[in-house]
Amino acid sequence: MVKAKRWIQIKPFEGPASLDNFKLIEEELPALKDGEILIEALYLTVDPYMRVFPKRVDDTPIGQQVARVTESKNAAYPVGKLVLAMVGWRDKTVLHPDQDNPFYVTRFAPKKTLSQIPDVGDFPSSLYLGILGMPGLTAYFGLLEKCRPKPGDVVVVSAAAGAVGSVVGQIAKIKGCTVIGSAGNQEKIDWLKSLGFDHVFNYKTTTVGQAIKEFAPDGIDCYFDNVGGDYALTVLDSLRPYGRMCCCGQISRYDTTQTGPIKDLIHTIMINELSVSGIMVYSYSENFTSAQQEMANWIKEGKLQYRETLFDGFTKLPEAFLEIFKGSSAGKLIVKA
Ligand SMILES: NC(=O)C1=CN([C@@H]2O[C@H](COP(=O)(O)OP(=O)(O)OC[C@H]3O[C@@H](n4cnc5c(N)ncnc54)[C@H](OP(=O)(O)O)[C@@H]3O)[C@@H](O)[C@H]2O)C=CC1
Ligand SMILES: CCCCCC(=O)/C=C/[C@@H]1[C@@H](C/C=C\CCCC(=O)O)[C@@H](O)C[C@H]1O
């Protein structure tokens, strides 16, 4: 019998998430049936949506992991093979490779629990949870398909030092844009400047309105919104005619019970003929591999850089998750099991 650990959420979030919301349990896994495999987590992702996505299986928080097959009754999945699995915060899992993803919701999640690691080059496998995985793909499609940047455009990106924002800003530079990013501490600001961002400001000490006045007095062409709230409303109001906004996330609103004021955006959108689009990255599933290949090439050519903040140990999952909302680390947050 194999003993496995998994985290469960023992009480709903009320206000900011805390360690008390989670508990680690141990249980025995069933023996493998024909066709099934046992996988063991190598790297687990923590992402902002985990704070608000309502779905749970066995009270286990949602999430993808890079895992290794360690026992197999399925010839297509030999021991040692690496896979991507949407099984939540579990260190070991018995599953059938063809099984449907219990977290599946149209456009919001992969249809199957298991996905293949794309063959785009020799990279550390943790990157398939970050720059070559869901967050990187969100940046790629959100920027290129929704913001449609042209050379010379002024692009603003919020939460710019995060897994999504840092890729957005770099791709915008590859496309010849002027990039303005924001982050919450000096270390992140220095990193973003080293990546080639033209202007970076600390949104905790400079309002986005002040930053726009200083760095983009003639207005903005593209806004990649990761934070929502008043920040988003301010940038929306500074978009030039035919400006594009990609509404990617509202992290400023996730870790709280409060909701902010809703303003009437319709007039602004109409009068400036703005395209304000939502994005759900899995709508682009069919084009993932070509996007991953292009980003992999950019990484190899030194045009795209990545950064990871690693938490060491499966027991660190809740701590890593809370870190998202503290905002003190840059790049992709990953837990090494
Ligand atoms: N639509 C889609 O398909 C997807 C959307 N997303 C969304 O993209 C956004 C970024 O995700 P990702 O890059 O993975 O996140 P990360 O966890 O990498 O980065 C999160 C960062 O957001 C900033 N932040 C945290 N709390 C707040 C707050 N209250 N107000 C303002 N900023 C805050 C912090 O940086 P700092 O304070 O230094 O700026 C923090 O480090 C999220 O809103 C997420 O939901 C992500 C993936 C897919
Ligand atoms: C719900 C707030 C998060 C929105 C932005 C975001 O981070 C999206 C990430 C998706 C995620 C699915 C998340 C939420 C879907 C909500 C569905 C519902 O029924 O309310 C996951 O699939 C990876 C990203 O595509």
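In this predicted model, strand β3 (residues 37-45) pairs with strand β4 (residues 65-72) in the antiparallel sense, over 7 bridges. One residue pair shows how the two strands line up: A41 has A67 in β4 as its bridge partner. Strand β4 is also joined to strand β5 (residues 82-85) by 4 bridges, and β4 and β5 run antiparallel. Here R68 has L82 in β5 as its bridge partner. In a regular strand, side chains alternate between the two faces of the sheet.

A sheet with parallel pairing is found further along the chain. How many strands form this open sheet, and in what order? There are 6 strands, in the order β10-β9-β8-β11-β12-β13, and the pairing is parallel. The edge strands are β10 (199-202) and β13 (275-278), each of which pairs on one side only. On average, neighbouring strands of this sheet are turned by 15 degrees against each other, with direction ignored.

At the β10 edge, strand β9 (residues 178-183) is joined to β10 by 4 bridges, and β9 and β10 run parallel. Within this pairing, I180 has H199 in β10 as its bridge partner. Helix α4 (residues 208-215) lies across β9, β10 and β11 (220-225). The direction of α4 is at about 155 degrees to that of β10.

Two helices also meet. The axes of helix α1 (residues 134-147) and helix α8 (residues 288-300) come within 10 Å and cross at roughly 95 degrees. Angles of 65 to 115 degrees count as roughly perpendicular, and α1 and α8 are therefore roughly perpendicular to each other. On the α1 side the contact is made by G136, L137, Y140 and F141, and on the α8 side by F288, A291, Q292, E294, M295 and W298. The residues of this contact divide into 7 nonpolar, 2 polar and 1 charged.

The last topic is ligand 1. Which of the 27 residues around ligand 1 come nearest? They are V164, G184, K188, Y203 and Y254. V164 also appears in the table below, which lists distances between polar backbone atoms and oxygen atoms of ligand 1.

| Residue (backbone atom) | Atom of ligand 1 | Distance |
|---|---|---|
| V164 | oxygen | 2.8 Å |
| N226 | oxygen | 2.8 Å |
| V281 | oxygen | 3.2 Å |

For N226, the backbone atom concerned is an N or O atom. For V281, a polar backbone atom is 3.2 Å from an oxygen atom of the ligand.

How values were computed: Residues are numbered from 1 along each chain as its sequence is written. Chains are lettered from A and ligands numbered from 1 in the order in which they are written. This is a predicted model: local features need pLDDT of at least 70, side-chain atom pairs count only at pLDDT 80 or more; totals for chains, interfaces and linings use all residues. Side-chain values use heavy atoms; hydrogens and water are left out. Axes are lines fitted to C-alpha atoms, for helices over the stretch in contact, and angles run from 0 to 180 degrees between N-to-C directions. Angles under 35 degrees count as roughly parallel, over 145 as roughly antiparallel, 65 to 115 as roughly perpendicular and the rest as oblique. Contact means heavy atoms within 4.5 Å. Ala, Val, Leu, Ile, Met, Phe, Trp, Tyr, Cys and Pro count as nonpolar, Asp, Glu, Lys and Arg as charged, and the others, Gly among them, as polar. Two strands pair if DSSP finds at least two bridges between them. A residue is near a molecule or strand if one of its heavy atoms lies within 4 Å of it. A polar contact is a pair of N or O atoms within 3.5 Å; within protein, one must be able to donate a hydrogen and the other to accept it, and residues adjacent in sequence count only if both atoms are side-chain atoms.
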